[in-house]
Amino acid sequence: MYVPLFASIAAKLSSAEAYAPRLIALDEAFAGVDDANIEEMFGILKSFNLDYILTSQALGCDYPSISDISICELISDHASKTIGVKRHRWNGTELINLDGE
């Protein structure tokens, strides 16, 4: 299901101006998909040269096909009724906490 979607988006974006972003937004895109297929989907996104924003219930993007990605984890504090953000970066080999904790 994802391959035709990604291919059609890449085809549509190929006619855009060179300065236009090649961006796709995916909400819970890989929920219920096993790790091997998730790895393949990230590889396909990379092969089509698509940038992406995605939401996920699980933190982690340590797949070999991802050489660099920013991760923002939303943290809910029920006592103060606030939501905070923890920032991470996967550099292709390790997950780095950007908040200095």
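In this predicted model, a good place to begin is a single pairing at the end of a sheet: His88 has Asn97, in strand 5, as its bridge partner. That link belongs to a short stretch of pairing in which strand 4 and strand 5 run in the antiparallel sense, joined over three bridges.

Strand 4, covering residues 82-90, also pairs with strand 3, residues 69-77, again in the antiparallel sense but over nine bridges. Within this pairing, Glu73 finds its bridge partner in Lys86 of strand 4. Strand 3 and strand 4 together make a hairpin in which four residues lie between the two strands, and Lys81, which sits in the turn, has a positive phi of about 55°.

Taken together, these pairings give an open sheet of three strands, ordered 3-4-5 and antiparallel in its pairing. Because strand 3 and strand 5 (95-97) each have a single partner strand, they stand at the edges, and one side of each is left without a neighbour in the sheet. With direction ignored, neighbouring strands of this sheet are turned by 35° against each other on average.

From the sheet, the reader may turn to the interior. In soluble globular proteins, nonpolar side chains tend to be buried together. Here the largest nonpolar core has 18 residues, and those touching the most other members are Phe6, Phe30, Phe42 and Ile66. At least two residues of this core come from each of helix 1 (2-13), strand 1 (23-27), helix 2 (35-47) and strand 3, with helix 2 giving the largest share, five residues. Phe6 illustrates how distant parts of the sequence meet: apart from its neighbours within four places in sequence, Phe6 is in contact with residues including Ile24, Leu26, Phe30, Met41 and Leu50.

Key: Residues numbered from 1 in each chain as written. Predicted model: local features only at pLDDT ≥ 70, side-chain atom pairs only at ≥ 80, totals over all residues. Heavy atoms only, no water. Pairing = 2+ DSSP bridges. Axes fitted to C-alpha atoms, helices over the stretch in contact; angles between N-to-C directions. Core = buried A, V, L, I, M, F, W, Y, C linked by side-chain atoms within 4.5 Å. Buried < 20%, exposed > 50% of the residue type's maximum accessible area, 1.4 Å probe, protein only. Contact = heavy atoms within 4.5 Å.
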